[in-house]
Amino acid sequence: PARAQPPAATSQGGPKRWQGPLRVPAPLSDDASLTDVLAIDCEMVGCGFGGNDSIVASVCVVNAYGNVLYYSLVKPRQSVIDYRTKYSGITKEMLASADARPFSEVRGCVLTLIEGRIVVGHSVDQDFTVLGIDHPTALSRDTAHDLRRLRNRNRPRKLKHLVEEWVGLKIQRQGDAGHDPVEDARASLFLYLHFRAEFEVEVRKRNEAAARRATRTYYDDVEDDGATAN
């Protein structure tokens with residue numbers, strides 16, 4: 001099947017807000033191949049003093065069609081103080097079950113999937129942090145921060161509100177049962193696809209700015225070395 005593509009620009013110059021009934025995120029096709037664009041979502045639980053530190057409890061990776069390539073619960077490496085079930089959907093029983101895999105195994109599986117690929121997520125840096133992954137900025141697409149039009153006075157908005165407004169998706173319907181990482185990964189993917197052209201423009205600007213900074217730093221270092229030698 002054809003690669004999933006963002007909506008075509010309108011005569012007014014870009015994607016429009018959704019007008020129609022809301023839908024639950026579903027795959028665009030049955031293609032479960034490893035695509036060049038992936039989306040990730042992690043659910044986290046609290047550890048440390050007051051349960052304020054976050055560790056990964058579940059992770060989902062979907063491909064460019066929204067099909068699940070990997071999902072796993074994660075055995076906690078520290079004592080869990082707050083399961084945050086209302087938001088994470090995670091319970092003590094889930095993490096104590098045989099379905100929960102060791103952190104090193106989960107991290108390795110995710111690394112293998114995402115290496116060299118574009119990864120989409122909502123505040124995706126938080127997902128990388130709890131997984132201990134340093135994914136290249138040039139290959140990261142953050143639906144919470146990358147586009148000004150998706151922020152509120154430079155503050156990130158909730159994924160739930162963004163996908164309702166722009167792509168007509170209804171997520172996080174479980175109430176106190178918490179979030180579904182599969183659903184949230186699909187939602188961030190479809191939001192990215194809706195604004196794909198704009199995301200890629202912003203990424204190109206970001207990469208060019210990073211290259212200029214690196215060049216300036218290099219020549220500053222060369223000048224400093226020359227001054228020291230003299």
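Strand β6 (residues 118-121) is covered on both of its faces. Ile118 and Val120 are buried on one side, and Val119 and Gly121 are buried on the other. If you're wondering about the odd-even split, in a regular strand the side chains alternate between the two faces of the sheet. One thing to keep in mind while looking around: this is a predicted model.

**The big picture**

The protein has seven helices and nine strands. Of its 230 residues, 43% are buried. Among contacts with a separation of 6 or more, 67% are between residues 24 or more positions apart.

**Around β6**

What does β6 pair with? On the β1 side, strand β1 (residues 37-47) runs parallel to β6, and three bridges join them. Ala39 is the residue that stands opposite Val120 in β6. Strand β7 (residues 140-142) also pairs with β6 in the parallel sense, again over three bridges. There, Val120 has Arg141 as its bridge partner. To get from β6 to β7, the chain passes through helix α4 (residues 124-131), and this β-α-β crossover is right-handed.

Helix α4 itself has a clear inside. Val124, Asp127, Phe128, Val130 and Leu131 are its buried residues. Looking down the axis of α4, they fall within an arc of 165°, so they line one face of the helix. Their cover includes β1, β2, α3 (103-114), β6 and β7. Right after α4 comes Gly132, with a positive phi near 65°.

**The β2-β3 hairpin and its neighbour**

Over to another set of strands. β2 (residues 53-62) and β3 (residues 68-74) run antiparallel, joined by five bridges. Val62 and Val68 are bridge partners here. The two strands make a hairpin with five residues between them, and Gly66 in the turn has a positive phi of about 85°.

β3 also pairs with β5, this time in the parallel sense and over two bridges. Val74 has Arg101 in β5 as its bridge partner.

Just before β5, take a look at Asp99, which is in the loop between α2 (92-96) and β5 (100-101). Is Asp99 buried or exposed? Asp99 is exposed, because its relative accessible area is 56%, and the cut-off for exposed is over 50%. Even so, Asp99 touches Ser72 and Leu73, leaving aside residues up to four places away in sequence. The C-alpha atoms of Asp99 and Ser72 are 7.3 Å apart, although the two residues are 27 residues apart along the chain.

**Helix α5 and an aromatic pair**

Helix α5 (residues 159-167) is another one with an inside: Leu159, Leu162, Val163, Trp166 and Val167 are buried. Down the axis of α5, these buried residues fall within an arc of 90°, so they line one face of the helix. What they pack against is α6 (181-194). Just past the end of α5, Gly168 takes a positive phi of about 70°.

Trp166 is worth a second look. How many aromatic pairs are there? The count comes to two. Trp166 and Phe195 form an edge-to-face pair, with 5.0 Å centre to centre and 75° between the planes. Trp166 lies in helix α5 and Phe195 in the loop between α6 and α7 (196-229), so the pair ties together parts that are 29 residues apart in sequence. Both partners are tucked away: Trp166 is buried at a relative accessible area of 3%, and Phe195 is buried at 1%.

**Charges over rings**

Two arginines sit over aromatic rings, and they are easy to find with the table below.

| Charged residue | Ring | Distance to ring centre |
|---|---|---|
| Arg23 | Trp18 | 4.2 Å |
| Arg77 | Phe103 | 3.7 Å |

In the Trp18 case, the charged end of Arg23 is what sits over the ring. Arg77, for its part, lies over the face of Phe103.

Terms used:
Residues are numbered from 1 along each chain as its sequence is written. This is a predicted model: local features need pLDDT of at least 70, side-chain atom pairs count only at pLDDT 80 or more; totals for chains, interfaces and linings use all residues. Side-chain values use heavy atoms; hydrogens and water are left out. Buried means under 20% relative accessible area, exposed over 50%, partly exposed in between (1.4 Å probe, protein chains only). Helices (H or I, at least four residues) and strands (E, at least two) are DSSP runs, numbered from the N terminus. The arc is that of the directions from the helix axis to the C-beta atoms. Contact means heavy atoms within 4.5 Å. Two strands pair if DSSP finds at least two bridges between them. A crossover is right-handed if, with the strands pointing away from the viewer, the path from the first strand over the helix to the second runs clockwise. Rings of Phe, Tyr and Trp (its six-membered ring) pair if their centres lie within 6.5 Å; planes under 30 degrees apart count as stacked, over 60 as edge-to-face and the rest as tilted. A charge sits over a ring if NZ of Lys or CZ of Arg is within 6 Å of the ring centre and within 35 degrees of the ring normal.
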